[in-house]
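Reader: Hello! Could you take me on a close look at the part of this model that faces the DNA? I would like one connected account, please.

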2 protein chains.
Amino acid sequence: MAAESKPLRSDAARNRDKLLVAAAQTFAERGLDAPLEHIARRAGVSIGTLYNHFPTREALLEAILPQRLAALEEINASALADPDPWSGFVGLLEGIFTLQAEDHSLNDAMVQSFSLSTDMSQACGGGLGDVERIIERAKAAGRLRADFDVQDLVTLVWAMSQVIRESMDTAPGMWRRCLSFFIDGLHAEPAAQPLPSR
Amino acid sequence: MAAESKPLRSDAARNRDKLLVAAAQTFAERGLDAPLEHIARRAGVSIGTLYNHFPTREALLEAILPQRLAALEEINASALADPDPWSGFVGLLEGIFTLQAEDHSLNDAMVQSFSLSTDMSQACGGGLGDVERIIERAKAAGRLRADFDVQDLVTLVWAMSQVIRESMDTAPGMWRRCLSFFIDGLHAEPAAQPLPSR
DNA sequence: GAGAAAGTTGAGGCAACCCTCGATTTAGTT
DNA sequence: AACTAAATCGAGGGTTGCCTCAACTTTCTC
């Protein structure tokens, strides 16, 4: 929105960078509610300085997460670029969860951004149109069951986030197995039971 | 193990009961890490009295949860009693998650009891033999895919617990839809893709 | 290199929750 | 009614994390 209103003093710019690095690492390791003091210490800076640059935890997150979530755009893009709509769709799922499995903060963020509606969710919401397109394309090709929609993907993200959280430190990759089961339930053919209503 | 070693004084017995009721309600509403002070206040008793009766949070939980988890035994029993192995298996899943959806503390407990191995998980573990039998029966009938096992059920509990947690206050019942998708992936027939390894 | 503006610091106040222990009250007994 | 063991009470000390602000230090400019 505002261009950089004030040019930062050199030491301030340096500290801001150190804070961003430390925050990214700490959040990735310990999740979105990691203590801000840890971040300040890791950056070699006092807690007051942290608050100077980022008056709230959210400000700090907004400085970090959009960059990370940008990877989602790429995932969307290559899903759409896939000539096979179904494998594009499956690639989307695998891409999302691989991302979440690599980074505690993304895992947390994916859950929260769909609960709360922060500015951050827009960064992600920008890509949500693409997601819809990927889903529709797979349906139109007769490969994805017709009653699956974006909200169901959100629910799936909730579900997988917990699987990832519980297993990421002890058995990373376990989530793939769970996802496989789920994907096998998403094929168009069986149309086993009519779904319960929303 | 020990029979009631000392008969409680009448007021103590009364307070203990009030604490158990208050704790059950509070945990059900707010999850397993609800503040103990809330429970004491709700029981009309001081925090010191709570600690008198239950020296740790775990002691309190062990006095409450086994009773609640006993419902699982019934669910197992009626799943095994079902003449159709597949619908017994599906009934098992629905039973478990219905329970979790009614009670925050059970939802938390089902996740934690599979992570940590407390005494509590044994109450649940006692029934795990039954669960295995239900799974095997559905496989033997050729209805449940052969590569599904108990560990996969644990993973499913993790997954569904998050869906339930996120939706139970705003859209209770939404989890059923998610479960349907998953169940449709568990049929024996499609055997779509070989699963990724553990 | 001196002055002003910008930035940094960390102790300290606040809040939530945990748990303890000496003073006090109560239930049961003779 | 008096006594005692059992039970209760709740203030207080400990911890963790949040956030602020007045005193200090650094950078930048002239």
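Author: Happy to; what follows goes from the DNA surface to one residue behind it, and then to the pairing of the chains.

Please keep in mind that this is a predicted model. Around DNA strand C there are 20 residues, and the closest are A:Arg9, A:Asn15, A:Thr49, A:Asn52 and B:Tyr51. Of the atoms of DNA strand C that come within 4 Å of the protein, 68% belong to sugar and phosphate. By character, the residues of this surface divide into 7 nonpolar, 7 polar and 6 charged.

Three of the side chains can be followed to the phosphates. In A:Asn15, an N or O atom of the side chain is 2.3 Å from a phosphate oxygen of DNA strand C. For B:Tyr51, the distance from a side-chain N or O atom to a phosphate oxygen of DNA strand C is 2.6 Å. A:Thr49 places a polar side-chain atom 2.7 Å from a phosphate oxygen of that strand.

Which helices supply the surface near DNA strand C? From chain A, helix H1 (10-30) and helix H3 (47-53) each give at least two residues, and from chain B helix H1 (10-30) and helix H2 (36-43) each do so as well. H3(A) gives the most, with 5 residues.

The record adds a label here: an unreviewed UniProt entry carries the annotation "DNA-binding region" for residues 35-54 of chain A. In the model, that stretch of chain A is 75% helix and 0% strand, and its end C-alpha atoms are 14 Å apart.

Within that stretch, let us pause at A:Ala40, which sits in helix H2 (residues 36-43) of chain A. Is A:Ala40 buried or exposed? A:Ala40 counts as buried because its relative accessibility is 2%, where the cut-off for buried is under 20%. Beyond its neighbours within four places in sequence, A:Ala40 is in contact with A:Leu19, A:Val45, A:Ser46, A:Ile47 and A:Leu50. One of these partners, A:Leu19, is 21 residues away along the chain, yet the two C-alpha atoms are separated by 6.7 Å.

Finally, the two chains. A rotation of 180 degrees with 0.0 Å of shift along its axis superposes chain A on chain B, with an RMSD of 0.0 Å. That is the relation of a two-fold axis. Within chain A, A:Gly185 comes closest to the rotation axis, its C-alpha lying at 1.7 Å. The copies meet through the same surface, because 100% of the interface residues of chain A are also interface residues in chain B.

Terms used:
Residues are numbered from 1 along each chain as its sequence is written. Chains are lettered from A and ligands numbered from 1 in the order in which they are written. This is a predicted model: local features need pLDDT of at least 70, side-chain atom pairs count only at pLDDT 80 or more; totals for chains, interfaces and linings use all residues. Side-chain values use heavy atoms; hydrogens and water are left out. Copies are superposed by least squares on the C-alpha atoms of residues with pLDDT of at least 70 in both. Contact means heavy atoms within 4.5 Å. A residue is near a molecule or strand if one of its heavy atoms lies within 4 Å of it. A polar contact is a pair of N or O atoms within 3.5 Å; within protein, one must be able to donate a hydrogen and the other to accept it, and residues adjacent in sequence count only if both atoms are side-chain atoms. Helices (H or I, at least four residues) and strands (E, at least two) are DSSP runs, numbered from the N terminus. Ala, Val, Leu, Ile, Met, Phe, Trp, Tyr, Cys and Pro count as nonpolar, Asp, Glu, Lys and Arg as charged, and the others, Gly among them, as polar. UniProt positions are given in the numbering used here, feature names are shortened, and annotations may be inferred rather than shown by experiment. Buried means under 20% relative accessible area, exposed over 50%, partly exposed in between (1.4 Å probe, protein chains only).
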